[in-house]
Amino acid sequence: MNDFEFNIFHHVKRNSKLEDIVEYHGIKLKREKEYSKGTCPFCKKEGDTFTVSRKKEVFYCFGCHEGGDVITFQAKLKEITQVEAAYELKEIWFELIQKDPGDKQSLEIAKFEVKETIEKLCGLLDMIE
Ligand SMILES: [Zn+2]
């Protein structure tokens, strides 16, 4: 993993809420006090075997015992690598934040991070040329 990929992982883990990502993929969650439950996208067992801990930002299925963080979730769901998953999550995060910025601060952070990412990409391109 290079520095750029490390930064993306860091960014995604800090900003992507697992519940939002799960729901983004069309999985309905019943929100309870500390966690949410729903049908597992991996084993699709009856009953709410799939749980998401809001505090720990991890998921676990009592049916098939799949579990992990937001990056693992995206990677397993799409059958892609963790790095690819991190890139996709970054895209999803931008999409979600543009729809509902929540507060001004998140939007400012988003703008800053886009700028930072573009600058880094340009830096990488300069090195190649
Ligand atoms: Zn399952």
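Okay, let's start with the helices: helix 1, residues 3-15, and helix 4, residues 82-99, have axes that come within 9 Å and cross at roughly 50 degrees. Keep in mind that this is a predicted model. At that angle the two helices are neither roughly parallel nor roughly perpendicular, so we call helix 1 and helix 4 oblique to each other. As for handedness, helix 1 passes helix 4 in a left-handed crossing.

Who's making the contact? From helix 1 you've got E5, I8, F9, H11, V12 and N15, and helix 4 brings V83, A86, Y87, L89, K90 and W93. Sort those residues by type and you get eight nonpolar, two polar and two charged.

Now, over to the sheet. It's an open one, five strands in the order 1-2-3-4-5, with antiparallel pairing. Strand 1 (30-31) and strand 5 (67-68) are at the edges with a single partner strand each, so each has one side with no neighbour in the sheet.

Let's walk through the end of it. Strand 3, residues 50-53, pairs with strand 4, residues 58-61, in the antiparallel sense, over four bridges. If you want to find the register, F50 has C61 as its bridge partner, and S53 sits opposite V58. These two strands make a hairpin with four residues between them, and in that turn E57 has a positive phi of about 60 degrees.

Then strand 4 goes on to pair with strand 5, again antiparallel, over two bridges, and here Y60 stands opposite G67. That's a hairpin too, with five residues between the strands, and the turn residue to look at is H65, with a positive phi of about 65 degrees.

Conventions. Residues numbered from 1 in each chain as written. Predicted model: local features only at pLDDT ≥ 70, side-chain atom pairs only at ≥ 80, totals over all residues. Pairing = 2+ DSSP bridges. Axes fitted to C-alpha atoms, helices over the stretch in contact; angles between N-to-C directions. Parallel < 35°, antiparallel > 145°, perpendicular 65-115°, else oblique. Left-handed = near helix turned anticlockwise from the far one by under 90°. Contact = placed C-beta atoms within 7 Å. Nonpolar A, V, L, I, M, F, W, Y, C, P; charged D, E, K, R; others polar.
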